[in-house]
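Please open the model in your viewer and keep the selection panel at hand. The stops below say what to select next and what is there.

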Amino acid sequence: MVAPAVSAENLTRRFGPLTAVDHIQMTVAAGQFFGFLGPNGAGKSTTIKMLTGLLAPTEGRIRILGIDLEEDPVAVKRQIGVVPEGLALFGRLTGSEYLNFVGRMYGLDRKTTAQRATELLDFMQLSDRPKSLITDYSHGMQKKLAMAAAVIHGPRVLFLDEPFEGVDAVASGTLKAMLQRMIGHGATIFLTSHVLEIVERLCSHVAIIHKGRLVAQGSLDELRSGVEARLSAAPGSADSAAPHERLTLEEIFLNIVGGTVLRDQELSWLG
Amino acid sequence: MAGLSAAPPGSAAELRGLSNARMFAIIAELRWHLLRNSLRTIRGRLEVISRGFAAVTMTMLSIGGAIGLAIASYLSVDDHRYSSFALIFWGIFIFWQMYPVLGSAFSAPFEFGSLLRFPMRFSSFYLLNLAFGLLDPVSLVCVLWLFGVFVGVGIADASLLPWAFLALFVFGATNVLLSRTVYVWLERWLAKRRTREALGLLFVFMMICFQFVGPLASRWQRHQAPALGQYAYLFHIANFLPPGLAEAALIDAHRGDQMFAFFSIAAIAAYALGIAALLGMRLQAQFIGENLSEALAPEPAGHQEKVRAAWDIRLLPTPVAAIFEKEIRYLFRSAPIIFTFVMPLFVLAMFRFVPSHGGHESSFLVKAPDWAFPIGAGYALLILANIVYNSFGADGPGLQLYLTAPVRLRDVLLAKNLAHSTVLVLATSGVLITTIVLYRPPSFAVTFGTVMALLFALPLNLAAGNMMSIYSPKKYDFGAFNRQRSTGATAFVSMGVEAVVVGIAAAVFFLTRYLQRVWLAGIIFLPLAAIALAVYWVVLNLAARRVLERREILIAEICRT
C-alpha cells in the first residue's frame with residue numbers, strides 16, 4: 001500500500017488561550033493537487049508551517065510519505081519543497097547564488113546544482129539579471145525565484161503558501177505549467193490560496209479550514225455534491241442554485257464558511 | 001452618459017476640496033494616533049520615554065546655545081567686533097543643512113510622496129513639505145538660535161531690531177527652503193538601495209577621516225608652515241553666500257550703510273527664491289507621479305549565461321560548504337564588515353599619528369610597537385562580536401530555509417562560525433600588515449602569543465554567540481548604516497564574556513611581559529585554547545537542539561518585515 005503523501009492526525013496548535021488549529025485529521029494521497037482553503041485567520045498558514053517543520057504542533061502527529069516528521073525531520077525535509085510565507089530568500093545574494101546555495105543544501109553536487117539553476121532561471125525568465133541582488137527584485141520575481149528554489153531538488157511533495165499572490169498572468173501561467181508537469185510525474189502539491197478560480201482549475205482535492213477546524217475535505221465533486229444536497233434539502237432557500245448549474249468553488253466555499261450579505265440600506269452611499 | 005446612473009448622495013462626487021489648514025490638522029491627528037498606539041507596547045513606551053529625555057536634553061542645549069549666541073551677538077555689536085558674526089551664521093547654516101543630511105543617510109527616508117494618493121493640490125503638497133521642514137527638531141533649534149541672535153543684537157542696539165528681524169527672517173526662510181530642497185533630492189537618491197548604501201559608506205568614511213584631521217593638522221603644523229594665503233579667495237566667495245550676506249547685512253546696518261544692508265538682505269531673498277524654485281521643480285516631479293521605488297533598471301540584453309558552479313570546498317560537507325559560501329558572500333556585501341576591517345587599522349593609525357607632547361611621539365604603541373598586533377587583533381575580535389552574537393540576525397526570511405531544508409542545525413551554526421572565523425583571520429592579517437608598515441614586525445613570541453590568544457578567545461565567543469543568537473535574536477539589516485543595537489541581554493552577556501576573555505588574555509600578556517618571558521604567553525594560551533575548543537564543541541551541539549526548540553521565536557523576530 002502506498003503511504004499518503006501528507007497525513008495529519010489530531011494536529012493542534014495553541015498560542016496561549018487561542019487554539020489556531022484544532023485537532024485536524026487530514027490525508028492527502030500521493031499524486032494529488034491539493035488545495036487548502038480558508039478565510040483570513042482560519043489557520044491555513046499555521047497548518048502549513050507545522051506540516052513543513054517551521055512550527056511545532058502542540059498535539060498531534062504528522063507523516064510525510066509515511067515518515068514521521070518529529071522522529072526523522074531530515075528524511076522528511078529531503079523529500080519536500082517549501083515556498084513559505086515570506087519566501088525564505090536571502091536578499092543579499094543574486095538569484096543564481098541563491099539557487100546554487102539551496103541546491104547544495106538539499107545535497108545536490110555543484111555541477112548538477114549549477115545546471116538546474118541555469119534551467120530554472122531560464123524557465124522562470126530570471127536569467128537576464130545575473131548581477132542583481134534578490135533584494136532588488138520585484139515581488140513577482142522573488143516569488144518565481146522562491147518557487148525555483150523549492151523545486152531544484154525535485155521534491156516529491158511541494159508545499160506552497162499563497163504561490164500566486166502578487167504574480168502577473170504570464171508568470172502565473174509559467175508556474176502553473178511547472179506544477180502540472182510535477183503532478184504528471186507523480187509529485188504531490190499542497191497549496192493554500194485565496195484565488196479560488198486557480199484552485200478550482202488546478203486542484204483535484206480540497207480541504208477547507210474555518211476557525212481552526214477542518215470543516216470540509218474531499219474531491220471538488222464530493223464537496224459540490226455535499227453542498228448541493230444541503231441546499232436542496234433546505235426548502236425555499238433563495239441561495240439554492242438551479243439544478244442544472246454546477247456550483248463554483250467560490251459558491252461552495254462561501255456556503256461552507258458563510259459570507260456577509262449586503263442588505264439594501266447598508267453602505268447606500270456607495271450606490 | 002448613457003448607461004451610467006447618477007452618483008448616490010454622499011458619494012465622492014459631492015465632496016469639496018480640503019483647505020490646507022484642515023489637511024495639516026488631519027495629518028497632525030494621524031501622527032497623534034500613531035504616537036498613542038505606540039504606547040500600547042512596553043517597547044513603544046520606552047521609546048517615547050527615551051525620546052522625551054532626548055527632547056529635554058536637546059531643549060536645554062538649544063536654550064543654552066541661544067543664550068550663548070545672544071551674548072556673543074550682543075558683544076559683537078557692542079564692541080564692534082563683527083568677526084564673530086561670521087562664525088555664528090556659518091555655524092548655524094552648517095548645522096541646519098548638514099545634520100539632517102547625516103541623519104537621513106543612515107536610514108530609509110520618510111516617504112512624503114505617499115500623501116499624494118489623497119486629493120491634494122500642488123500648493124498644499126508644497127506647503128506641507130515646508131511645514132514638515134520647519135517643524136523638524138533641527139529647524140526648531142536653529143530658529144531658537146536665530147532668536148537668540150535677534151535678542152542679543154536688539155539689546156546691544158535697539159535701532160538694529162528691524163534690520164536684524166528682516167535679515168534673520170530671510171536667512172531662516174532660506175535655510176528652511178534649502179534643507180527641504182537638499183532633503184527631497186536626497187530622498188530621490190536614497191530611494192535606491194545602491195545609492196543609499198553608497199552614501200552611507202561615504203559618510204562613514206567621512207566621519208573616520210574627520211578623526212584624522214586633528215593629528216594630521218598637528219603634524220602638518222610641525223613639519224611645514226601653512227600657506228593659507230593661496231586659499232584667501234575662498235573667504236571672498238563665502239561673503240556672497242547666505243551666511244556671509246546675513247553677516248554683512250547686520251554689520252552694514254550697524255554702520256549706517258542701510259543701502260548695502262538692504263542689498264544683502266535682497267540677495268539672501270534672491271537665494272531663497274531660487275531655492276524655492278528648485279524645490280518646486282523637484283516636488284512637481286513627485287506631484288505628477290515620479291516613481292522613486294526600488295524597481296530595477298533594465299539590464300542590457302544578452303546577459304543570459306550559464307550559472308557558474310559554487311565554490312569547490314572539498315574539505316567541508318556539501319551543506320556546510322554551501323552555508324559557508326553564502327555567509328562569506330553575505331558578510332562581504334555588508335556594511336558592518338567594513339568596520340571589522342577598517343576600525344582596527346584606523347585605531348593603529350590613530351595611535352601612530354596621535355598628537356605629540358612636546359614634539360615627541362608619546363603613544364603607548366609607539367613606545368612599545370610589539371603590542372600593536374595583539375591590541376589590533378583583539379579589537380578586530382571585539383568588533384566581530386556584534387555579528388557573532390547575533391548570527392541569524394541578517395538572514396531575514398531566509399532563516400526559514402534552514403528549518404525546512406534537510407540540514408542539521410549543528411551544521412548551520414558550524415558553517416556560520418567558520419565564516420566568522422575566516423573574517424577574523426583576514427582582519428587579523430590586515431592588522432599584522434598594518435603593524436609591520438606603521439610600526440615594525442612584531443616578534444615571533446608576540447605573534448605566536450596573539451594567535452594562541454585568539455584561538456582561546458574565538459571559540460568562547462562563538463559558543464556564547466551561538467547561544468545568544470538563539471536566545472536573544474534581533475533582526476539586523478546588513479545594508480543599513482544606522483545604529484542597529486543588539487538586545488540588552490546580548491550586550492550584557494557579550495560584555496561579560498569579553499571582560500573574562502580579554503581580561504585573561506591581558507593578564508597573561510602583562511604577566512609574561514613583566515617576567516620578560518613573552519614567549520611563555522603562547523604556551524599558557526595553548527591549553528586554554530584546547531579547553532575553549534572543547535567548550536565550543538559541547539555548546540555547539542546544545543545550541544543546535546535549542547534552535548529547533550526556539551524556532552518560533554527566531555522566525556517571529558528575524559523574519560518580520
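Select B:Leu160 to begin: this residue counts as partly exposed because it has 19 C-beta neighbours inside 10 Å, where 20 or more other C-beta atoms within 10 Å would make a residue buried, 12 or fewer would make it exposed, and partly exposed lies in between, with C-beta atoms placed from the backbone. The model is a predicted one, in which local features need pLDDT of at least 70 and side-chain atom pairs count only at pLDDT 80 or more, while totals for chains, interfaces and linings use all residues. Residues are numbered from 1 along each chain as its sequence is written, and chains are lettered from A and ligands numbered from 1 in the order in which they are written.

B:Leu160 sits in the loop between α5 (137-156) and α6 (161-190) of chain B; helices are DSSP runs of H or I with at least four residues, strands are runs of E with at least two, and both are numbered from the N terminus. Show its contacts next, a contact being two residues whose C-beta atoms, placed from the backbone, lie within 7 Å. Leaving aside neighbours within four places in sequence, B:Leu160 is in contact with B:Val77, B:Val153, B:Gly154, B:Ala253 and B:His254. Then add B:Gly256, which is 96 residues away along the chain from B:Leu160, with 9.7 Å between their C-alpha atoms.

Move on to B:Ala261, in helix α10 (residues 258-287) of chain B. B:Ala261 counts as buried, because 23 C-beta neighbours lie inside 10 Å. Not counting residues up to four places away in sequence, B:Ala261 touches B:Trp163, B:Ala249, B:Asp252 and B:Ala253. B:Ile251 is ten residues from B:Ala261 in sequence, and their C-alpha atoms are 7.8 Å apart.

Now colour the whole of chain B by secondary structure, which shows 20 helices and zero strands. Of the 561 residues of this chain, 35% count as buried, and among contacts in chain B with a separation of 6 or more, 83% are between residues 24 or more positions apart.

For a helix pair, select α14 (residues 372-388) and α17 (residues 444-471) of chain B, which pack at an angle of about 15 degrees with their axes 10 Å apart; axes are lines fitted to C-alpha atoms, for helices over the stretch in contact, and angles run from 0 to 180 degrees between N-to-C directions. α14(B) and α17(B) are therefore roughly parallel to each other, a term for angles under 35 degrees, with over 145 being roughly antiparallel, 65 to 115 roughly perpendicular and the rest oblique. The contact of α14(B) with α17(B) has twelve nonpolar, four polar and no charged residues, where Ala, Val, Leu, Ile, Met, Phe, Trp, Tyr, Cys and Pro count as nonpolar, Asp, Glu, Lys and Arg as charged, and the others, Gly among them, as polar.

Turn to where the two chains meet, a contact that takes 45 residues from chain A and 45 residues from chain B. On the side of chain A that touches chain B, the elements giving two or more residues are α2 (73-79), α3 (95-105) and α4 (110-123) of chain A. The largest share of that side, eight residues, comes from α3(A), and its residues as a whole divide into 20 nonpolar, 15 polar and ten charged.

Keep α3(A) selected: eleven of its eleven residues are buried. These buried residues pack against α4 and α5 (139-151) of chain A together with α11 (318-332) and α15 (399-404) of chain B. After α3(A) comes A:Gly107, whose phi is positive, near 90 degrees.

Add α5(A), which packs with α3(A) at an angle of about 25 degrees, with their axes 9 Å apart. That makes α3(A) roughly parallel to α5(A). A:Gly95, A:Tyr98, A:Leu99 and A:Val102 of α3(A) make the contact with A:Leu145, A:Ala148 and A:Ala149 of α5(A).

Which residues touch the most other members of the largest nonpolar core? Of its 159 residues, they are A:Tyr98, A:Leu99 and A:Leu145, a nonpolar core being a set of buried Ala, Val, Leu, Ile, Met, Phe, Trp, Tyr and Cys residues joined through C-beta atoms within 7 Å. α17(B) gives the most to this core, with 13 residues.
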